Amino acid sequence: MTQPAPSAQHNGPDKGTLTGPSDTPHSKSGGGMPALGLRLDVRILSLLGVLAALIVVGGITEPDAFLDTGNLQLILTQASVIGVVTVGMTFVIISGGIDLSVGAMVALASVWATTLATQEYGFAGIAFTAVIVGLAAGLVNGVLIAYGGMVPFIATLAMLASARGLALQITDGKTQIVTVDSVLDLGLPDSYILGIPPLVIMFAVVTVVGWLILNRTTFGRRTVAVGGNAEAARLAGIDVRRQRLYLYLLSGLCCGIAAFMLIVLAGSGQNTNGNLYELDAIAAAIIGGTLLSGGRGTIVGSVLGVLIFTTITNIFALNNLQSDVQQIAKGAIIVAAVLVQRRTMRGRET
């Protein structure tokens with residue numbers, strides 16, 4: 001289904017709010033601007049309402065444990081790793097693509113960065129290796145999709161299998177313990193800045209940079225245009241193939257950063273790292289308002305989606321609920337979000 005978003009190549013993302021490029025077309029019709037802006041604001045406010053309700057539920061069911069400062073810091077820290085991955089995933093989905101390999105890329109980057117040879121170079125060696133491996137994997141995805149003509153689903157599925165296999169080969173199924181103190185210290189309370197864990201600060205920086213790129217740059221406008229109608233974007237002078245290559249590079253970069261954060265959090269590298277991250281990232285983006293068909297999405301909404309899922313997981317864990325119940329709840333939320341999206345799109349078409 002074609003979207004009206006190709007006009008984004010001329011007008012760019014919404015420049016008046018933190019809502020992202022999802023309502024870009026309104027710049028051509030002044031009368032539609034208030035309605036579209038209000039609709040998006042309502043969606044963001046709804047997500048904030050859901051998050052607030054979850055906090056209330058957690059505070060009622062386990063007041064001492066849930067509202068403890070340490071637990072709130074834990075929620076934010078756990079959300080940070082998958083949150084960075086979700087920022088990259090949001091860009092890819094807005095462009096009309098998908099990346100099923102993000103979890104495997106996180107695993108590969110984390111184990112490659114924690115080998116004994118890499119750890120000899122200390123903090124810089126581990127961080128640099130994690131980012132480079134993520135970028136390299138993203139580059140392979142981008143080349144296969146943009147210039148090889150492969151369907152994103154197939155190309156990233158192949159990368160998922162290959163990266164997992166290579167991660168297993170590197171570790172031989174064993175956990176690689178990190179011995180570099182400067183890396184491990186980032187996960188300790190002594191490194192917190194005004195009570196905020198360094199990983200949360202990294203997540204905040206990635207989120208702000210991602211929002212600025214999507215909403216305040218030509219790159220962001222081109223991303224929306226390609227997702228809305230790739231052919232129209234090409235006719236308007238956008239190099240669609242190069243744009244897609246850059247987007248998968250961006251996704252790989254986010255995975256590399258997340259891999260380093262996971263190394264700090266776990267103190268080790270394992271071939272099982274990042275398990276199901278691709279599903280969590282896609283789900284967070286969807287409930288945040290990003291269309292799987294492309295052309296619309298917000299960084300703010302995706303981040304709220306991550307926080308909602310992480311809070312649900314924490315509440316369930318504190319109440320000793322089984323993991324299968326957690327998965328059922330997540331599935332129900334995803335279905336509800338998609339139904340809301342479909343209703344919203346039908347409302348815009350009528």
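Which helix gives the most to the nonpolar patch? Keep that in mind as we walk through this structure, which is a predicted model.

Let's begin at the surface. Val 140, Leu 144, Met 150, Val 151, Phe 153, Ile 154 and Leu 157 come together there as a nonpolar patch, and their accessible area adds up to about 560 Å². Two helices, α7 (122-147) and α8 (152-171), each put at least two residues into this patch. The top contributor is α8, with 3 residues. Val 151, another member of the patch, sits in the loop that runs between α7 and α8.

While we're here, take a look at α7 itself. It has 26 residues, and at 1.5 Å a residue it should span 38 Å; the C-alpha atoms at its ends are 37 Å apart, so the two figures agree. Just past the end of α7 comes Gly 149, which takes a positive phi of about 75°.

Now for the largest pocket, which has a volume of about 630 Å³. Its lining is made up of 23 residues, and those nearest the centre are Tyr 277, Asp 280, Thr 313, Gln 327 and Lys 330. Helices α4 (69-94), α14 (277-287), α15 (299-318) and α16 (323-349) are the elements that each give two or more residues to this lining. Sort the lining residues by character and you get 12 nonpolar, 9 polar and 2 charged.

One last stop: how many salt bridges does the structure hold? Just 1. It pairs Arg 234 with Glu 231, whose closest N and O atoms are 2.5 Å apart. Both residues belong to helix α12 (residues 230-235), and because they are 3 residues apart, about one helical turn separates them. An α-helix has 3.6 residues a turn, so residues three or four places apart point the same way.

Notes:
Residues numbered from 1 in each chain as written. Predicted model: local features only at pLDDT ≥ 70, side-chain atom pairs only at ≥ 80, totals over all residues. Heavy atoms only, no water. Patch = residues over 30% accessible without salt bridge, like charges linked within 9 Å, V, L, I, M, F, W, Y side chains within 5 Å. Areas by Shrake-Rupley, 256 points an atom, 1.4 Å probe, with all protein chains shown as cover. Salt bridge = Lys/Arg side-chain N within 4 Å of Asp/Glu carboxyl O. Helix = DSSP H or I, 4+ residues; strand = E, 2+ residues; numbered from the N terminus. Expected span 1.5 Å × (residues − 1). 1 Å grid on protein atoms, 1.4 Å probe; cavity = no way out; pocket = protein on both sides within 12 Å on 5 of 7 lines; lining within 4 Å. Points joined across faces, edges and corners; volume = space filled by probe spheres on them. Nonpolar A, V, L, I, M, F, W, Y, C, P; charged D, E, K, R; others polar.
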